Amino acid sequence: MKKKKPSHKGLVLKMFIVIVLVVLIGLCIAFCIFEAVDRQWIESAICLAVAIGLFIIACPLYYLGDVYECPKCGHKFKVNPYKVFFTNGIWGIFDLAGAAPKYAKLKCPHCQTKDWCRIKRK
């Protein structure tokens, strides 16, 4: 019996949407800076609010479907995507080689140990 190859169509679509949202966030921040330089504070505030709104949408979408495994007890769990982002920071999304990280420093809800948990991407 032949084994089916895993389909990555959902992952490709998710990453495409995240990349588009990140580009839009960058453009909003750039417009925010340009408007602030011109001393147009209302337009600058609107651009900043749109950038924050896009971030609120993009962050959970990037971590959608990720499961973390505790190295000590082996418990698999999901966490708040904002906690992962702000724990590992922007460098936690892409390392210097440009590949997705394999670990995140999180606290296991089962054994309460804070350690580098392995990321299982779906």
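Helices, on which the first view depends, are DSSP runs of H or I with at least four residues, and they are numbered from the N terminus.

**View 1. Ser 44 in helix α2 of the predicted model.** The structure shown here and in every following view is a predicted model. Ser 44 lies in helix α2, and its relative accessible area of 7% places Ser 44 among the buried residues. When neighbours within four places in sequence are left aside, the residues in contact with Ser 44 are Cys 32, Glu 35 and Ala 36.

**View 2. The overall arrangement of helices and strands.** Three helices and four strands make up the regular elements of the protein, and along the sequence they follow the pattern α-α-β-β-α-β-β. Of the 122 residues in the protein, 27% are buried, while the exposed surface amounts to about 9000 Å², with 69% of it supplied by carbon and sulfur atoms. Among contacts with a separation of 6 or more, 51% join residues that are 24 or more positions apart.

**View 3. The four-stranded open sheet.** The strands of this open sheet are arranged in the order β2-β1-β4-β3, with antiparallel pairing. Strands β2 (76–77) and β3 are the edge strands, each of which pairs on one side only. Strand β1, residues 67–69, is joined to β4 in the antiparallel sense over three bridges, and within this sheet the bridge partner of Tyr 68 in β4 is Ile 119.

**View 4. The β3–β4 hairpin and the two faces of β3.** Strand β3 (residues 103–107) and strand β4 (residues 114–120) pair in the antiparallel sense over five bridges, and Tyr 103 has Arg 118 of β4 as its bridge partner. Six residues separate the two strands of this hairpin, and in the turn Gln 112 has a positive phi of about 60 degrees. In a regular strand the side chains alternate between the two faces of the sheet. In β3, Ala 104 and Leu 106 belong to the covered face, whereas Tyr 103, Lys 105 and Lys 107 belong to the uncovered one.

**View 5. The largest nonpolar core and a second, separate core.** The largest nonpolar core has 14 residues, and those with the most contacts inside it are Tyr 63, Tyr 68, Phe 77, Val 84, Ala 104, Leu 106 and Cys 117. The elements that give two or more residues to this core are α2 (41–62), α3 (81–88), β3 and β4. A second core of six residues, separate from the largest one, includes Leu 21, Ile 25, Cys 28 and Ala 58. With neighbours within four places in sequence left aside, Phe 77 is in contact with Val 67, Tyr 68, Cys 70, Leu 106, Lys 107, Cys 108, Pro 109 and Cys 117.

**View 6. Cysteines 70, 111 and 117 without a disulfide.** The structure holds zero disulfides. For Cys 111, the closest cysteine sulfur is that of Cys 70, and because the two sulfurs are 3.6 Å apart, they are too far from each other for a bond; the cut-off applied to a pair of cysteine sulfur atoms is 2.5 Å. Cys 117 is likewise in no disulfide, as its nearest cysteine sulfur, again that of Cys 70, is 5.2 Å away. Cys 111 is partly exposed, with a relative accessible area of 26%, whereas Cys 117 is buried, with a relative accessible area of 0%.

Technical notes. Residues numbered from 1 in each chain as written. Predicted model: local features only at pLDDT ≥ 70, side-chain atom pairs only at ≥ 80, totals over all residues. Heavy atoms only, no water. Buried < 20%, exposed > 50% of the residue type's maximum accessible area, 1.4 Å probe, protein only. Pairing = 2+ DSSP bridges. Core = buried A, V, L, I, M, F, W, Y, C linked by side-chain atoms within 4.5 Å. Contact = heavy atoms within 4.5 Å. Areas by Shrake-Rupley, 256 points an atom, 1.4 Å probe, with all protein chains shown as cover.
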